[in-house]
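Here is a short tour of one protein model, written for someone new to reading structures. Keep the picture open and find each residue as it comes up.

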Amino acid sequence: MKSLLLQINTIGDTLSQTSIEGEIVEEKTLSILELITSGGTGGNIIMITLGVLSIISVYLFIERYSTLKKASRKDASFLNSIKNYIQDNDVKAAKTLCKNTDTSISRMLEKGIDRMDKPMTDISAAIENQGKLEVYVLENNLANLATIAGAAPMIGFLGTVIGMIVAFHEMASAGGNIDIEMLSKGIYTAMVTTVAGLVVGIIAYIAYNVLVTKVEKVVFLLETTTTDFMDLIHNNK
């Protein structure tokens, strides 16, 4: 009986000690800035690189989006004026209006008007060639955005690999004094760059697809407008 009471007291003391230790453990919080800069020199270089890529992605998206939005506007007044000039055989006025209008469709129609006395195949070829140049200009920097979308996650993963190597080196240098805190700290600081790379990559990927959709809409608008223009010339000859 005495032995049993002694064991109960021992278990009680152990639970009390565990409870006290649990109360002593402090809950550590980490701010976003601390989390970003917690990867050491290698991790910081990776994070700066990803930060620069994110800024470039946002700039390219805003610049291309505003350009494509401007190109997607259908100027009814310009098209009606061109139609009236063609029907009145006032080629000079039509060419002047195209030169004074800074849009993709005006440059394409100008190439066709320059060849009004040529066969329809020549007019169509001239408009098509100018259209290819305009689409090339509209798609400017989209390849760079796609490159960032693909490269950012890989750069982030590179930062994770570097962080894991550093963490394992620190554990190896510590000899037998390896604890859970050291291991967990090395892992989460290394994973931060992967998360950052994925965030930048996802944003760039979404921006790229939005811009590609806008380009397709502009190309469709150019095709429909030039088709109407070719019909107008054909009926006027």
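Let's start with the largest pocket, which holds about 350 Å³ of space. Its lining is made of 20 residues, and K70, A71, D102, T103 and S104 are the ones closest to the centre. Which elements give two or more residues to that lining? They are the helices α3 (40-71), α4 (76-87), α6 (104-114), α7 (120-138) and α9 (180-236). Sorted by class, the lining has 8 nonpolar, 5 polar and 7 charged residues. One thing to keep in mind while you look around: this is a predicted model.

**Charged pairs**

Now for the salt bridges. Side chains of opposite charge can pair when their charged atoms come close. Here, the count comes to 4 salt bridges. Three of them are worth a look, and the table gives the N to O distance for each.

| Salt bridge | Distance, N to O |
|---|---|
| R64 and E63 | 2.9 Å |
| R107 and D102 | 2.6 Å |
| E134 and R107 | 2.8 Å |

You may have spotted that R107 turns up in two rows, once with D102 and once with E134. Together, D102, R107 and E134 are linked in a network of salt bridges. And remember D102 from the pocket: it is among the residues closest to the pocket's centre.

How far apart in the chain are E134 and R107? They are 27 residues apart, with E134 in helix α7 and R107 in helix α6, so this pair ties together distant parts of the chain.

Are the members of the network buried or exposed? D102 counts as exposed, because its relative accessibility is 55% and the cut-off for exposed is over 50%. R107 has a relative accessible area of 28%, so it is partly exposed. E134 is at just 5%, and because buried means under 20%, E134 counts as buried. So the network runs from an exposed residue, D102, through a partly exposed one, R107, to a buried one, E134.

The other pair in the table also mixes settings. R64 is buried, at 5% relative accessibility, whereas its partner E63 is partly exposed, at 26%.

**A nonpolar patch on the surface**

Next, turn the model to find Y65, L198, I202, Y205, I206 and V210. These residues form a nonpolar patch on the surface, and together they have about 560 Å² of accessible area. Which helix supplies the largest share of the patch? That would be α9, with 5 residues. I202 is one of the patch residues, and its place is in helix α9. The same helix, α9, also gives two or more residues to the lining of the largest pocket.

**Two spots to check by eye**

To finish, try two pairs of residues. R115 sits in the loop between α6 and α7, and at 31% relative accessibility it counts as partly exposed. From R115 to A126 you count 11 residues in sequence, while their C-alpha atoms are 8.1 Å apart in space.

Then look at C98 in helix α5 (residues 91-99). C98 has a relative accessible area of 1%, so it is buried. Its distance to M108 is 8.8 Å, C-alpha to C-alpha, and the two are 10 residues apart in sequence.

How values were computed. Residues numbered from 1 in each chain as written. Predicted model: local features only at pLDDT ≥ 70, side-chain atom pairs only at ≥ 80, totals over all residues. Heavy atoms only, no water. 1 Å grid on protein atoms, 1.4 Å probe; cavity = no way out; pocket = protein on both sides within 12 Å on 5 of 7 lines; lining within 4 Å. Points joined across faces, edges and corners; volume = space filled by probe spheres on them. Helix = DSSP H or I, 4+ residues; strand = E, 2+ residues; numbered from the N terminus. Nonpolar A, V, L, I, M, F, W, Y, C, P; charged D, E, K, R; others polar. Patch = residues over 30% accessible without salt bridge, like charges linked within 9 Å, V, L, I, M, F, W, Y side chains within 5 Å. Areas by Shrake-Rupley, 256 points an atom, 1.4 Å probe, with all protein chains shown as cover. Salt bridge = Lys/Arg side-chain N within 4 Å of Asp/Glu carboxyl O. Buried < 20%, exposed > 50% of the residue type's maximum accessible area, 1.4 Å probe, protein only.
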